[in-house]
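Colleague: I would like to go through a model feature by feature, with the general idea given before the case. Shall we start with the packing of nonpolar side chains?

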Amino acid sequence: MDNKYMGIALELAKKGVGKVNPNPLVGAVIVKDGEIIGQGNHEYYGGPHAEVNAIKNSTGILEGSTIYITLEPCAHYGKTPPCVDLIIEKKFKKVVIGMLDPNPLVSGKSILKLKEKGIEVISGVKKEECIKLNEVFIKYIETKIPFVFLKTATSLDGKIATCTGESKWITSDESRRDGHLLRNKLSSIMVGVNTIIMDDPELTCRIENGRNPIRIVLDSTLRIPINAKVIENKEATTIIATTINSDKLKKEKLLSLGVKVIEVEEKDKKVNLRKLMIKLGELGIDSILIEGGGTLNFSALSEKIVDKVRFYIAPKILGGEKSKSSIGGEGFFKLSDAINLKDVTYEKLGNEIVVEGYLS
């Protein structure tokens, strides 16, 4: 029964996708005498936590009941009071927790406090599912560096465009919608300036009630056109990451148009990606979706800033030595240098195959 109710709490937690960053996704279910009497989730950043909403939505007497929470309740004052104190105040008999909070201000402290008050605590129920649900939060709270998700769509032979440069559309409507769900889920989206110059995308989220990600453009020398859609379209914030030696007059012009410009140290005359991750983390950006071309993809992988990849593979063969590949750059010289994925999953999406995995 613990697994059953924690499963319900996990589904509740998912309702906060795209709304709570950089906070965690959390769901809570209250059970008494085998019946659910309350449930809730963390609905938006800065709002009440899942436990508070579950208690507020409850329909029975809370004393002596059990609460199932996907993440250890908070024990410190943040934007809201500690949830562990509320649980003690309401005289819950038992608390079932999915995973410990990775935040050092909390981790294990709530459990200890609950046990000191005579409340039974069980932890680790559906732990792996809870960890995966909050993989973005876990990395960010532990490192203050964004979780980086690289997504690309290719033909069966690994091409992202024909030999003439045509790229719309290699994959299906289903895959493109799935990509927009990722835009809604993650805080920001990153591309290189060549993508802006060639395709002029808006980089917004086109699903109902979706959230537009912060747009990050890598542009070492500020070649971005002033009339680019990511500049003229004010539906989302745009950040341009450039080098400290870029055009100062162009920078001032971009700033006057409401664009945020970040100057980063150079590496091989390009933006130092590792330094950029630190700066973006300092801005509160907890996650990045890379939707770049082959050059950016290879740079991100070779600089080891990528945590997870998702490849959409269409049953099409484009061929052509000059056709662009999803991973460009100079490539790795030896097989022993190749990037190996772990915890790989495969799924069918329409007529396409989706391969997802984590980097070590």
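Colleague: Which residues is Leu-114 in contact with, leaving aside its neighbours within four places in sequence?

Modeller: In soluble globular proteins, nonpolar side chains tend to be buried together. Here, in a predicted model, Leu-114 is in contact with Pro-73, Val-84, Ile-87, Ile-88, Val-95, Ile-119 and Val-121. Leu-114 is also among the residues with the most contacts inside the largest nonpolar core, which has 31 residues; the others named are Ile-30, Ile-67, Phe-92 and Val-95. Another core lies apart from that one and has 25 residues, including Leu-182, Val-193, Val-230 and Tyr-358.

Colleague: Which residues make the nonpolar surface patch?

Modeller: Phe-332, Ile-339, Leu-341, Val-344 and Tyr-346 make a patch of about 440 Å². Take Ile-339, in the loop between β14 (308-313) and β15 (341-349). Is Ile-339 buried or partly exposed? Buried means under 20% relative accessible area and exposed over 50%, so Ile-339, at 32%, counts as partly exposed.

Colleague: How should I read the "binding site" annotation, and which positions does UniProt list?

Modeller: Annotations may be inferred rather than shown by experiment. The UniProt entry, which is unreviewed, lists Ala-153, Trp-169, Thr-195, Asp-199, Ser-220, Gly-293, Gly-294, Thr-295, Leu-296, Asn-297, Phe-298 and Ser-299. These positions span 147 residues in sequence, and their farthest two C-alpha atoms are 28.5 Å apart, so they do not all gather at one spot.

Colleague: Where is Ser-220, and what does it touch?

Modeller: Ser-220 sits in the loop between β8 (214-218) and α9 (229-232). Being in a loop does not settle the matter of cover here: Ser-220 has 18% relative accessibility and counts as buried. Not counting residues up to four places away in sequence, Ser-220 touches Ala-241, Thr-242, Thr-243, Ser-246, Lys-269, Lys-270 and Val-271.

Colleague: And what of Gly-294, in which helix does it lie?

Modeller: Gly-294 lies in helix α12, residues 294-302. With a relative accessible area of 10%, Gly-294 is buried. Beyond four places in sequence, Gly-294 touches Ile-160, Ser-325, Ser-326, Ile-327, Gly-328 and Gly-329.

Colleague: How many residues of α12 are buried?

Modeller: Seven of the nine, so the helix is mostly covered, given that buried means under 20% relative accessible area. The buried residues are Gly-294, Leu-296, Asn-297, Phe-298, Ser-299, Ala-300 and Leu-301. After α12 comes Lys-304, with a positive phi near 60°.

How values were computed
Residues are numbered from 1 along each chain as its sequence is written. This is a predicted model: local features need pLDDT of at least 70, side-chain atom pairs count only at pLDDT 80 or more; totals for chains, interfaces and linings use all residues. Side-chain values use heavy atoms; hydrogens and water are left out. Helices (H or I, at least four residues) and strands (E, at least two) are DSSP runs, numbered from the N terminus. Buried means under 20% relative accessible area, exposed over 50%, partly exposed in between (1.4 Å probe, protein chains only). Contact means heavy atoms within 4.5 Å. Patches are made of residues with over 30% relative accessible area and no salt bridge: like charges are joined within 9 Å, nonpolar side chains (Val, Leu, Ile, Met, Phe, Trp, Tyr) within 5 Å. Accessible areas come from the Shrake-Rupley method with a 1.4 Å probe; for residues, only the protein chains shown count as cover. A salt bridge is a side-chain nitrogen of Lys or Arg within 4 Å of a carboxyl oxygen of Asp or Glu. A nonpolar core is a set of buried Ala, Val, Leu, Ile, Met, Phe, Trp, Tyr and Cys residues joined through side-chain atoms within 4.5 Å.
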